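Hello,

Here is the structure we talked about handing over. Please have a look, then read my notes on the side-chain contacts below.

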Amino acid sequence: MRRTPLIALLALLLPIPLMAEAPQASPASPPAVAGAVSATAPELDAFNANYLVYKAGKPLGEATMQLVRQQPPRWRVDLVMRGTRGLFGLAGINAEQSTVFGAFGETYRPLSQATVNKSIFTRKQTVGVYDWRSQVARWQGDGKAGERLPVALQPGDMTGLLINLALIRDADPGETLHYRFVDDGRTRDHTYAIADEFESITVGDLTYKAMKATRAKDANEETVIWVARNVPTPIRILQRENGEDTYDLRLVEYRGVE
């Protein structure tokens, strides 16, 4: 079955984030994973961030990303994208993802992840468990089982949501950053080139000096993410195809959570 564009965007931008409408409602909660190694939690801060979603410059929907503190060293990062305009709004299209992870110093280690794609007529869910004792990740849920074969884990493997947090942590002008994306039976090498100069980006009444991180998937497709020091979530995430802007997430506001 052909995926809708909004659900496809979730896959394309995952090294990215979001959660619409009701921040108090937790999207697709992954299962708990026993046996996490105890360690001092890194300097992460819980937050909730709201975005507007555009396609080719036209409003498409809303998104929210939140980072939730759990029992140390565990955290959960949630993302929801919701179509609110045109056919996307009428179809009730909603894409949710959550990753539970352990923060061990500079390492963000995925433990479990759940993804839900919904419309008025359908609901599909997949759940993944990252077993670091056996060093294998496995997925189950709706869809073809053959598309989600077990993956041998390597040190540093992350989900797309975690790669976004790592980008915020690691970005410095002129740097090249390398990550391995592991999700839904797939692995991909993600390389981000950080621009040499800062760019000014305005969010509401505030202007940030942002670093532009670019990942070229191939000659015709790239993802651009702007991050700023002391801002816990991406300021803007842009998908480009054949030199044209397609999907664009723009930060509206964010707040810390006690």
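**Charges, rings and contacts**

The charged end of Arg250 sits over the ring of Tyr54, at 4.3 Å from the ring centre. Bear in mind that this is a predicted model.

A second arginine does something comparable in kind: Arg169 lies over the face of Tyr108, and the distance to that ring centre is 4.6 Å. Arg169 also takes part in a salt bridge. Its partner is Asp170, with 2.6 Å between the closest N and O atoms. How exposed are these two residues? Arg169 has a relative accessibility of 28%, so it counts as partly exposed. Asp170 is partly exposed too, at 21% relative accessible area. For Asp170, the cut-off matters: buried means under 20%, so 21% falls outside that class. The pair is also part of something wider. Glu106 joins Arg169 and Asp170 in a network of salt bridges.

Now the full count. How many salt bridges does a search of the whole structure find? The search gives 11. Side chains of opposite charge can pair when their charged atoms come close.

One of the 11 joins Asp157 and Arg180. The N to O distance is 2.8 Å. Where do the two residues lie? Asp157 is in the loop between β8 (151-152) and α3 (160-170), while Arg180 belongs to strand β9 (residues 176-183). The two are 23 residues apart in sequence, so the salt bridge ties together separate parts of the chain. Are they buried or exposed? Both Asp157 and Arg180 are buried.

Another salt bridge links Arg240 and Asp245. Here the closest N and O atoms are 2.6 Å apart. Arg240 is partly exposed, with 24% relative accessibility. Asp245 is partly exposed as well, at 35%.

On to the aromatic rings. A pair of rings is described by the distance of the centres and the angle of the planes. The whole structure contains two aromatic pairs by this search. One of them is Tyr130 with Trp139. Their centres are 5.8 Å apart and their planes make an angle of 80 degrees. That angle is over 60 degrees, so the pair counts as edge-to-face. What about burial of the two rings' residues? Tyr130 is buried, at 1% relative accessibility. Trp139 is buried at 10%.

To recap the places to open in your viewer: Arg250 over Tyr54, the network of Glu106, Arg169 and Asp170, the buried Asp157 and Arg180, and the edge-to-face pair of Tyr130 and Trp139.

Best wishes

Notes:
Residues numbered from 1 in each chain as written. Predicted model: local features only at pLDDT ≥ 70, side-chain atom pairs only at ≥ 80, totals over all residues. Heavy atoms only, no water. Salt bridge = Lys/Arg side-chain N within 4 Å of Asp/Glu carboxyl O. Helix = DSSP H or I, 4+ residues; strand = E, 2+ residues; numbered from the N terminus. Buried < 20%, exposed > 50% of the residue type's maximum accessible area, 1.4 Å probe, protein only. Phe/Tyr/Trp six-rings, centres within 6.5 Å; stacked < 30°, edge-to-face > 60°. Lys NZ or Arg CZ within 6 Å of the ring centre and 35° of its normal.
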